[in-house]
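Work through the exercises below with the sequence and the model open. Try each task before reading its solution.

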Amino acid sequence: MANAAPDPIVGIDLGTTNSLVAVCDAAGPRVLPDAEGHALLPSVVRFLEGAPPVVGREARATAVAHAADTVHSAKRFMGRGFAESAGHAAGLPYRVVEGPRGLAAFDVGGAAVTPQEVAAHVLRALKANAERVLGVSVRRAVVTVPAYFDDAQRQATRDAARLAGLDAVRIVNEPTAAALAYGIGASRARRGTMETIAVYDFGGGTFDVSILQLVPGGPDDGEFFQVLSTAGDTRLGGDDLDEAIIALLVGEVRARFGEALEFPPAARQALRTFAERAKIALSERLDATLEVDLGGGRVHRRTLARAEFESLAAPFVARTVECCRRAMRDAGNPEVDRVVLVGGSTRIPAVREAVRACFGREPYAALDPDQVVALGAAVQASVLSGGRRDLLLVDVVPLSLGIETVGGAVAKLVMRNASIPTRATEMFSTSVDGQVNVSIHVLQGERELAADCRSIARFDLCGIPPMPAGIPQVEVEFLVDENGVLGVTAAERRSGRRASVQVVPTYGLTAEDVDRMEAESFAHAREDMRAHRVIDLCANARLDLHWIADALGRVRAELEAGYVAELDASMARLAGFIEAAGRDLRAVDPDAFHRAKEDLDRLSVRVHEVAIARSLRGVGTGGQGAGSPAVPPAAGDAR
Ligand code: AMP
């Protein structure tokens with residue numbers, strides 16, 4: 001990793017619920033985690049009288065016990081008058097009061113604290129964190145705000161930064177940052193194309209959608225986008241989905257154990273934690289278990305199916321879609337070229353599906369939706385400090401892209417230096433009878449073995465109907481779009497099962513990495529080719545052995561003992577090569593292995609002939625067919 005610049009500009013996402021800090025160097029943007037490795041800093045500050053304020057995780061953990069003195073969601077009050085904040089203040093456990101100049105403030109820890117001061121505590125924690133990771137002092141930042149923030153709210157954000165000892169060199173719209181994280185602005189600058197981008201941001205407590213358009217002209221001033229329209233709902237988020245699950249549970253518990261049951265704050269908090277956990281699990285799985293233990297043996301346990309959760313979530317998702325339609329109308333219903341997802345709630349499959357249906361496009365989801373705004377702020381920071389030039393150009397694919405095949409070899413689908421956009425597909429199959437899952441491991445690099453390439457993504461294609469090895473047809477598609485974002489889709493033809501993943505392959509990759517990986521591939525070219533040949537030989541030899549053993553099992557009695565002994569010995573020799581390759585791939589001589597395989601192929605002609613003749617006579621087990629099936633081009637990694 002390159003050394004930090006002496007006076008770096010960091011990117012900060014100052015969020016309603018969580019905040020993050022990121023930098024962008026030669027390896028692209030990355031979030032700077034705290035000392036415990038957490039990327040997200042809860043935007044929560046506890047003010048106890050006589051004690052220094054406490055920021056982040058600890059403040060959030062004690063929020064129930066110190067509800068009146070713990071400020072969260074301060075961002076809702078930034079630069080707002082006390083009078084206009086009444087709506088936001090209702091239902092909050094801390095007191096919102098009238099501060100200086102009629103602005104909103106909080107009465108916490110025995111004093112009035114402004115939203116800027118709360119934000120400054122969060123920013124100070126992020127600054128300290130960045131300084132610890134980078135080892136230099138950090139004085140400048142690009143800070144993001146919602147696109148709908150007015151001048152007063154933007155100024156309040158600048159003031160918060162100044163209080164924290166940071167110069168907010170630019171205030172950037174959150175949706176703009178999200179688009180920049182995907183390189184959207186930069187790629188247009190190179191190609192001079194017009195693009196319209198929809199940014200769909202569904203977080204914990206708020207929903208926003210923005211329609212952006214690339215500003216004509218060069219990117220030198222750093223202003224890539226114009227906001228055509230925004231729409232949203234400041235009271236709509238993942239929290240509502242948690243509440244819907246809680247309401248379902250509370251209703252059931254009351255029906256079972258008594259209508260009068262009360263849930264004190266601590267119990268509600270516990271319910272909220274369970275509900276959120278179940279919701280998050282349902283983004284990955286098809287069901288989750290919910291349990292409420294009231295004590296005294298009164299336990300309510302139930303399974304929540306994804307479909308049931310989706311119907312609970314449907315009215316909320318529909319409200320976000322309604323906002324999208326409004327924003328599109330306000331923008332004059334332009335053709336949308338890209339859709340970018342932001343916010344933790346966009347991990348919910350039904351949400352992605354609704355976004356896809358609404359905009360008629362597959363949304364960008366390669367980057368962590370919690371980090372994408374901070375990453376984009378860091379890209380903007382890098383543009384401002386002139387550092388973005390160091391980033392890899394993504395006009396071409398800098399390193400080949402492929403997948404791991406059985407035995408640890410690499411099947412390359414997109415070759416190095418292919419110009420983008422580019423698309424490639426290849427057919428794969430299974431390597432084990434009855435295999436129902438195929439694990440797709442996406443790799444980047446020039447070497448022949450998976451272990452020597454850079455792993456960039458993994459995903460599973462599940463639910464393939466059980467079939468003999470080599471029969472399922474798994475089409476793998478690689479699509480690298482104009483922004484260098486890679487989408488990999490695997491689809492099994494017969495069953496129609498599909499799975500996909502998106503990545504930004506250039507992130508974390510420096511120009512030096514590319515040079516090094518290229519040099520290594522030259523240095524190891526000969527031994528890599530040998531190893532790859534051995535892997536392919538193993539896959540083919542295994543299939544040969546499988547089919548020969550099968551035929552031999554059926555017709556052994558019809559063959560002369562001498563021939564059978566010779567065949568057994570030849571099979572054992574080939575199996576020996578496979579075993580040796582399992583111990584050390586590079587120790588096996590591929591030429592000798594190849595000769596052994598050819599010897600067996602020649603020798604086995606007779607056993608196959610006898611087996612075919614027998615099945616033609618209608619004798620024997622029938623149905624299974626004799627002879628080798630079409631060997632798949634390469635077999636998918638078995639699991
Ligand atoms: P944000 O405000 O962007 O940090 O988003 C936080 C919201 O995203 C919370 O409501 C989380 O419960 C929700 N969230 C985070 N991860 C997931 C997930 N995998 N599936 C569903 N919701 C999630």
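**Exercise 1. A glutamate in a helix**

Is E174 buried or exposed? Place the residue, then list its partners.

Solution. The model is predicted, so side-chain atom pairs count only at pLDDT 80 or more.

Step 1. Find the element. E174 sits in helix α5, which covers residues 174-181.

Step 2. Read the accessibility. The relative accessible area of E174 is 7%. Buried means under 20%. E174 is therefore buried.

Step 3. Look for a polar partner. The side chain of E174 makes a polar contact with the side chain of K75, at 2.7 Å.

Step 4. Collect the other contacts. Neighbours within four places in sequence are left aside. E174 is then in contact with L14, K75, T144, V145, P146, D201 and V373. K75 is thus both on the contact list and the polar partner of the E174 side chain.

**Exercise 2. Three alanines**

Determine the setting and the accessibility class of A22, A450 and A51.

Solution.

Step 1. Start with A22. A22 lies in strand β2, residues 18-25. Its relative accessibility is 0%, so A22 counts as buried. Beyond four places in sequence, A22 contacts V10, G11, R30, V31, L32, A374, L375 and A378.

Step 2. Go on to A450. This residue belongs to the loop between β22 (438-444) and β23 (454-461). A450 has 8% relative accessibility and so counts as buried. With residues up to four places away not counted, A450 touches E404, G408, A409, V410 and L443.

Step 3. Finish with A51. A51 is in the loop between β5 (45-46) and β6 (54-55). The relative accessibility of A51 is 38%. The partly exposed class runs between 20% and 50%. A51 therefore counts as partly exposed.

Step 4. Set sequence separation beside distance in space, C-alpha to C-alpha.

| Pair | Apart in sequence | Apart in space |
|---|---|---|
| A51 and G109 | 58 residues | 8.7 Å |
| A450 and P349 | 101 residues | 30 Å |
| A22 and A266 | 244 residues | 35 Å |

**Exercise 3. The ligand and its shell**

Which residues come nearest to the ligand? Describe the polar pairs, the cover and the make-up of the shell.

Solution.

Step 1. Name the nearest residues. There are 16 residues around the ligand. G204, E276, K279, S283 and R347 come nearest.

Step 2. List polar pairs with oxygen atoms of the ligand. A polar side-chain atom of E276 is 2.5 Å from a ligand oxygen. A polar backbone atom of G344 is 3.0 Å from an oxygen of the ligand. For a polar backbone atom of S345 the distance to a ligand oxygen is 3.2 Å.

Step 3. Quantify the cover. The ligand taken alone exposes 500 Å², of which the protein buries 85%.

Step 4. Assign the shell to elements. α7 (238-257) and α8 (265-281) are the elements that give two or more residues to the shell. α8 supplies the largest share, three residues.

Step 5. Sort the shell by class. It holds two nonpolar, nine polar and five charged residues.

Step 6. Assign the shell to domains. Domain 1 (9-236 + 313-396) and domain 2 (238-312) each contribute at least three residues.

**Exercise 4. Domains and the whole chain**

How is the chain divided into domains? Relate domain 1 to domain 2, then summarise the chain.

Solution.

Step 1. Write down the bounds. They are domain 1 (9-236 + 313-396), domain 2 (238-312), domain 3 (401-509) and domain 4 (525-616).

Step 2. Compare domain 1 and domain 2. Their C-alpha centres lie 30 Å apart. Across the pair, 16 residues of domain 1 are in contact with 13 residues of domain 2.

Step 3. Count the secondary structure. The chain has 15 helices and 26 strands.

Step 4. Take the extents. The C-alpha trace spans about 105 × 65 × 50 Å along its principal axes.

Step 5. Check burial and surface. Of the 639 residues, 51% count as buried. The chain exposes about 28000 Å², and carbon and sulfur atoms supply 51% of that area.

Step 6. Check contact range. Take the contacts between residues at least 6 apart in sequence. Of these, 67% join residues at least 24 apart.

Conventions. Residues are numbered from 1 along each chain as its sequence is written. This is a predicted model: local features need pLDDT of at least 70, side-chain atom pairs count only at pLDDT 80 or more; totals for chains, interfaces and linings use all residues. Side-chain values use heavy atoms; hydrogens and water are left out. A residue is near a molecule or strand if one of its heavy atoms lies within 4 Å of it. A polar contact is a pair of N or O atoms within 3.5 Å; within protein, one must be able to donate a hydrogen and the other to accept it, and residues adjacent in sequence count only if both atoms are side-chain atoms. Accessible areas come from the Shrake-Rupley method with a 1.4 Å probe; for residues, only the protein chains shown count as cover. Helices (H or I, at least four residues) and strands (E, at least two) are DSSP runs, numbered from the N terminus. Ala, Val, Leu, Ile, Met, Phe, Trp, Tyr, Cys and Pro count as nonpolar, Asp, Glu, Lys and Arg as charged, and the others, Gly among them, as polar. Domain bounds come from an automatic or database domain assignment. Buried means under 20% relative accessible area, exposed over 50%, partly exposed in between (1.4 Å probe, protein chains only). Contact means heavy atoms within 4.5 Å.
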